[in-house]
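Thank you all for making time this morning. I would like to walk you through a structure that is probably new to most of you, taking one part after another.

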Amino acid sequence: MTATALSDIAASEDQFQLATYKKMQIAAERGEGVWIYTSDGDRYLDLYGGHAVAGTGHCHPHVVKAVREQAEQLLFYSNLVYSSARARAAEKLVSVAPAPLTKVFFCNSGTEANENAMRLARMATGREQIITFTGGFHGRTADAISATFLGKYRELGKPNVPGHLQAEFGNIGSVRAIADETVAAIMLEPIQSMAGVRIAEASFYRELRQLCDERGIMLIYDEVQTGVGRTGEWFFAGSDTGDGVVPDIVTLAKALGSGVPVGACLVTDEITSHIKENDLGTTFGGGMLAMAAVTATLEAIENDGLLENVKTVEAYLRERLRDVERVVAVHGRGFLLGIEFGQKAALVHQALLERKIITGTSSNPNVLRLLPPLCLQTAEVDLFVSALQEG
Ligand SMILES: Cc1ncc(COP(=O)(O)O)c(C=O)c1O
């Protein structure tokens with residue numbers, strides 16, 4: 001296929017690929033920083049990052065160089081051998097994680113990280129039940145979709161894996177009522193993204209930690225969206241927003257490889273002590289190409305001061321949004337933001353797209369989601385705010 005016109009590309013994809021999402025009428029061909037260049041020669045400001053993946057921005061030169069060099073050396077070998085690329089990635093990731101998260105298990109996606117996190121908790125406790133929350137999303141494989149109580153997803157995963165219990169996000173009483181001696185883990189998105197960017201009171205995270213400690217339950221943070229710098233901290237785990245709470249397991253994916261697929265579970269020594277050889281496995285997890293991407297991603301965030309940038313530009317964006325009358329509230333932290341309008345966010349999303357700005361919607365009809373690259377600058381915020389003011 002040599003076609004470059006959007007209509008030809010779309011026709012071909014629609015003919016040969018199963019339907020997934022409702023697509024924007026864009027064929028993305030090239031990316032640089034916060035910009036996406038299309039087959040028709042247009043340029044779009046990307047405030048969505050391809051489902052929150054482009055944390056370091058599109059094609060960050062340091063990541064591209066590392067991936068290119070690794071590709072020329074060794075694309076892949078499994079965990080049956082040692083690898084300097086894997087050793088570097090594991091050491092770097094653990095070095096930015098809060099204590100006592102001291103070891104990592106690499107896999108390939110967010111849903112796989114969550115499947116393994118739940119399994120690790122069951123192995124560590126000898127219990128089976130998992131508590132998750134209304135509005136949470138954890139992925140589409142069997143156990144993860146069964147842990148997902150947001151909208152229609154759980155239904156799509158029928159028959160569900162047994163042993164999943166539901167509590168109300170932000171309501172510690174609802175957790176206490178069901179957290180008995182059969183419960184292996186409590187798992188949550190510390191900021192619920194797809195639900196419309198919902199955050200709980202800091203006391204909720206502290207009380208969850210206390211409850212888990214009292215009752216021998218593992219606490220799992222699904223940081224597939226909030227991790228790797230998105231909130232202006234390396235992780236929600238250990239941050240002030242979450243009252244400094246560190247869970248027993250943190251799951252990661254999305255921005256971790258800047259677009260090279262990779263997932264991870266960060267775990268404590270306590271979890272580690274329960275895991276023997278052959279309890280865990282994956283063919284592709286820990287492959288060299290992905291590992292090179294992980295190390296370079298974390299280095300790029302550090303070298304470019306992206307955590308500080310997120311905080312500075314978030315503050316500027318919040319300030320500028322005060323001038324936009326239609327904005328009712330701004331939810332979230334850092335560059336995981338939900339802008340609430342007094343009208344349908346889908347209309348705002350479409351109007352912005354016509355002005356060549358990509359944003360996201362959520363399951364809250366009035367909330368527009370922003371998940372931009374961490375390198376977004378104030379000048380680009382101005383473009384966004386002007387577009388909102390224009391209508
Ligand atoms: C919070 C959260 N957890 C898990 C997942 C699943 O990740 P993946 O699509 O990489 O399997 C997602 C994906 O959107 C997510 O947002």
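Before I come to a particular serine, let me say what I mean by touching: two residues are in contact when heavy atoms of theirs lie within 4.5 Å of each other. Please also keep in mind throughout that what you see is a predicted model.

With that in hand, look at S39, which sits in the loop between β2 and β3, the latter being residues 43-46. Leaving aside residues up to four places away in sequence, S39 touches T4, A5, L6, I9, A27 and E29. Its relative accessibility is 18%, and S39 therefore counts as buried, the cut-off for that word being under 20%.

The strands on either side of that loop belong to an open sheet of 4 strands, which has the order β1-β2-β3-β15 and mixed pairing. At its edges stand β1, residues 28-32, and β15, residues 357-358, and since each has a single partner strand, one side of each is left without a neighbour in the sheet. The partner of β1 is β2, residues 35-38, and these two run antiparallel, joined by 4 bridges; one pair to look for is G31 with its bridge partner I36 in β2.

Let me turn to another strand, β10, which covers residues 218-222, and ask how many of its residues are buried. The count is 5 of the 5, so β10 is largely enclosed by the rest of the structure. Both of its faces are covered, with M218, I220 and D222 buried on one side and L219 and Y221 buried on the other. As for its pairing, β10 and β7, residues 183-188, are parallel and share 4 bridges, with I186 bridged to L219 in β10. A parallel pairing also links β10 to β11, here over 3 bridges, and in that case Y221 has V250 of β11 as its bridge partner.

D222, which we have just met in β10, is also one of the residues around the ligand, a group that includes S109, N114, H138 and E189 as well. Three polar contacts with the ligand can be described in some detail. A side-chain N or O atom of Q225 is 2.8 Å from an oxygen atom of the ligand, and for the side chain of K254 the corresponding distance to a ligand oxygen is 2.9 Å. F137 takes part through its backbone, where an N or O atom lies 3.5 Å from a nitrogen atom of the ligand.

Now to helix α4, residues 84-96, where we can check the length: at 1.5 Å a residue its 13 residues should span 18 Å, and the end C-alpha atoms are 19 Å apart, which agrees. Its buried residues are A85, R86, A89, K92, L93 and V96. Because these cover an arc of only 135° around the axis, they lie on the same side of α4, whereas S84, E91 and S95 are exposed on the other side. The buried residues pack against several elements, among them α3, β4 and α11. At the N-terminal end, S83 caps the helix, with a side-chain oxygen 3.1 Å from the backbone nitrogen of A85.

I will finish with L156, in helix α7, residues 153-156: is it buried or exposed? L156 is exposed, given its relative accessible area of 54%, the cut-off being over 50%. L156 nevertheless touches R140 and I145, again not counting residues up to four places away in sequence.

How values were computed
Residues are numbered from 1 along each chain as its sequence is written. This is a predicted model: local features need pLDDT of at least 70, side-chain atom pairs count only at pLDDT 80 or more; totals for chains, interfaces and linings use all residues. Side-chain values use heavy atoms; hydrogens and water are left out. The expected span of a helix is 1.5 Å times one less than its number of residues. Buried means under 20% relative accessible area, exposed over 50%, partly exposed in between (1.4 Å probe, protein chains only). The arc is that of the directions from the helix axis to the C-beta atoms. A polar contact is a pair of N or O atoms within 3.5 Å; within protein, one must be able to donate a hydrogen and the other to accept it, and residues adjacent in sequence count only if both atoms are side-chain atoms. Two strands pair if DSSP finds at least two bridges between them. A residue is near a molecule or strand if one of its heavy atoms lies within 4 Å of it.
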